[in-house]
Amino acid sequence: DLNYLKTLLQDVLDKDARLKGAVLILQKDRLILSLPEDLLFEAGKADVQAGGQQALYAIADVLSRLRNRVEVIGG
């Protein structure tokens with residue numbers, strides 16, 4: 001249930017100050033989590049910075065408990 005997943009992820013976003021600029025977008029058949037670019041990367045760099053890694057771990061902790069397929073797409 002995407003609404004349940006949205007609730008779980010929103011709880012993580014609300015509790016983690018690093019994820020303040022993150023946005024959840026519920027669509028008919030998917031839930032999109034959009035993360036601010038500056039959370040993950042320094043300008044001109046390809047490596048995820050430490051704060052971004054910690055934020056991703058917080059999200060991954062929730063997602064790792066689900067059986068749903070999860071896709072990670074960067075743009």
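This report describes a strand pairing and several salt bridges in a predicted model.

**Strand pairing**

Strand E1, spanning residues 23-26, pairs with strand E2, spanning residues 31-34. The pairing is antiparallel and comprises four bridges. Within this arrangement, leucine 24 has leucine 33 of E2 as its bridge partner. The connection from E1 to E2 is a hairpin of four residues.

**Salt bridges**

Side chains of opposite charge can pair when their charged atoms come close. The structure contains five salt bridges, and the table includes three of them.

| Basic residue | Acidic residue | N to O distance |
|---|---|---|
| Lysine 15 | Aspartate 11 | 3.2 Å |
| Arginine 65 | Aspartate 61 | 2.6 Å |
| Arginine 69 | Glutamate 71 | 2.6 Å |

The salt bridge between lysine 15 and aspartate 11 joins two side chains of helix H1, which covers residues 2-15. These two residues are four positions apart, or about one turn of the helix.

**Exposure of the paired residues**

Lysine 15 has a relative accessible area of 66% and is therefore exposed, the cut-off being over 50%. Its partner aspartate 11, at 37% relative accessibility, is partly exposed.

The pair of arginine 65 and aspartate 61 can be described in the same terms. Arginine 65 is exposed, because its relative accessible area of 60% lies over 50%. Aspartate 61 has a relative accessibility of 41%, so this residue counts as partly exposed.

In the salt bridge of arginine 69 with glutamate 71, both residues are exposed.

Definitions and conventions
Residues numbered from 1 in each chain as written. Predicted model: local features only at pLDDT ≥ 70, side-chain atom pairs only at ≥ 80, totals over all residues. Heavy atoms only, no water. Pairing = 2+ DSSP bridges. Salt bridge = Lys/Arg side-chain N within 4 Å of Asp/Glu carboxyl O. Buried < 20%, exposed > 50% of the residue type's maximum accessible area, 1.4 Å probe, protein only.
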